[in-house]
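Work through the exercises below with the sequence and the model open. Each task is followed by a solution in steps.

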Amino acid sequence: MSLKKPVFYFPQQDFCSRVRRSAESGRLRFSAYDNDTVFHITFPDEQFPTSAFYIRLQAREEEKKLKEMTKQVLVGAAAESTRLVVIVPESDDLGFPPTGYKQTSSSGDLIEADILLLPTDGQFHSRSILETDILCESSVCVIGLGSGGSHIAVELAKAGVGRFVLIDYDRLELNNIARHACGTQDIGRLKTNALRDLLLTKSPGVRIETFDADINEAFHGTDRDVVDAVKSCNLIVAATDSVQSRRNINTLAVETGIPTVYGKCTTRAAGGEVLITRVNGPCLACIYGVMAPTSDEASSFNRERKKTPAYVSDSSVEATIQVGLSSDIIPIGNMVVKLALVELSRGKPSGISSLEYDLRFAFYRWANRREEEFAPYPKDGFTRFDEPSVLRWYPVSFEKKADCSACGVKEVTAGADFFESS
């Protein structure tokens, strides 16, 4: 692209098709950026006053003729506004791409624009080390769309995952924004809807189902649609912040045989843990037991307010929420993403095939700082490899327990029905 030319970008994949199905000329909608040098142009669902137009061309024309046609269309445009014209060929068979011109005044010269059409899904991920067809048919369920879950979903969408099921019942709070993938424009929105819109900006062809639901309530049978949606996925990401939700997700994973990746930050994100459960491998309960001693992480004011007695002030509730820096949460999320991508592409030729052996363990631990449970780490550990260190992943080998209360009763079978006996 030239830095001297204006840029016309068409964010609708069917932009040219819409023009070809319409009248020979008409109006378009646009938004201007960077001092009227970049324009995002869309075909509106209904006509309205604007200074952007299209012309549908039935044959190739010389540049001089195109400019004459452009000026003729602009005769009725407002005199003080920026005016845009997009010329679209009647058919791709005509052998020339769309053309665009910008004019800043009624007597001004026409400036040809660089044209950017929304690429196909394959083009979006064409520079990836993962072949696009490996992930485009994959479905991932992300349960918990907070700081970690939102980051994980965005990275998986950028990698080319073709379908998502997003589950969360909370709204974006003001204090979420410093760590969340979404921004201030989404404050107050349901996390499911805000994240859905964000994913579509990263991968416009992605298919997304959203459920504003509590996974614990769905687990106990009050919302079967949520359960059915989870069952339809190839992989589950558990990014929740409560012991009960992880326990319920583990039961679901054991019953269905769906690989599941759990990400968890410790207090103030001093460190974190990532666990992946695979068919016939250890489950969450094999590693954590009944999980009774662990308390929930306080990460949402609304949730903590509901759990706290009314006589406790809002400021006191707020003081209990110490979730750490975004830069401390992201390493945990990135490990979840890496494990998920390896699992989704397992057995298929890809640029990350070698990681199938390297990431064969079920459990991984990370420390951001020498505090809380990581305080005993030696001060010079980061410069050595024979002592525990911050900012380094450590795999831990676990075996499936024959007497595990969650998975030891029967052999795990991939694709087994969930709740069929209920």
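**Exercise 1. Explain why C141 is not in a disulfide with its closest cysteine.**

Step 1. The closest cysteine sulfur to that of C141 belongs to C233, at 5.0 Å, which is too far for a bond; a disulfide is a pair of cysteine sulfur atoms within 2.5 Å.

Step 2. Turn to the partner: C233 is in no disulfide either, the sulfur of C141 being its nearest at 5.0 Å.

Step 3. Widen the search to the whole structure, and the number of disulfides found is zero.

Step 4. Check burial, where buried means under 20% relative accessible area, exposed over 50%, and partly exposed in between (1.4 Å probe, protein chains only). C141 is buried at 0% relative accessibility, and C233 is buried at 6%.

A note on the basis: this is a predicted model, in which local features need pLDDT of at least 70 and side-chain atom pairs count only at pLDDT 80 or more, while totals for chains, interfaces and linings use all residues. Residues are numbered from 1 along each chain as its sequence is written, and side-chain values use heavy atoms, with hydrogens and water left out.

**Exercise 2. Determine which residues of helix α2 are buried and what they pack against.**

Step 1. Locate α2 at residues 63-73; helices (H or I, at least four residues) and strands (E, at least two) are DSSP runs, numbered from the N terminus.

Step 2. L66, M69 and T70 are buried in this helix. They lie on the same side of α2, because they cover an arc of only 100° around the axis; the arc is that of the directions from the helix axis to the C-beta atoms.

Step 3. Recall that an α-helix has 3.6 residues a turn, so residues three or four places apart point the same way.

Step 4. K64 and Q72 are exposed on the other side of α2.

Step 5. The partners of the buried residues of α2 are β4 (52-57), β5 (83-89) and β6 (99-103), with contact meaning heavy atoms within 4.5 Å.

**Exercise 3. Describe the setting of D214.**

Step 1. D214 sits in the loop that runs between β11 (207-211) and α7 (215-219).

Step 2. With a relative accessible area of 19%, D214 counts as buried.

Step 3. Its side chain reaches the backbone nitrogen of N216 at 2.8 Å.

**Exercise 4. Find the residues that L195 touches.**

Step 1. Leave out residues up to four places away in sequence.

Step 2. L195 then touches L145, S150, A153, V154, L166 and C182.

How values were computed: Polar contact = N/O pair within 3.5 Å; in protein donor to acceptor, adjacent residues only side chain to side chain.
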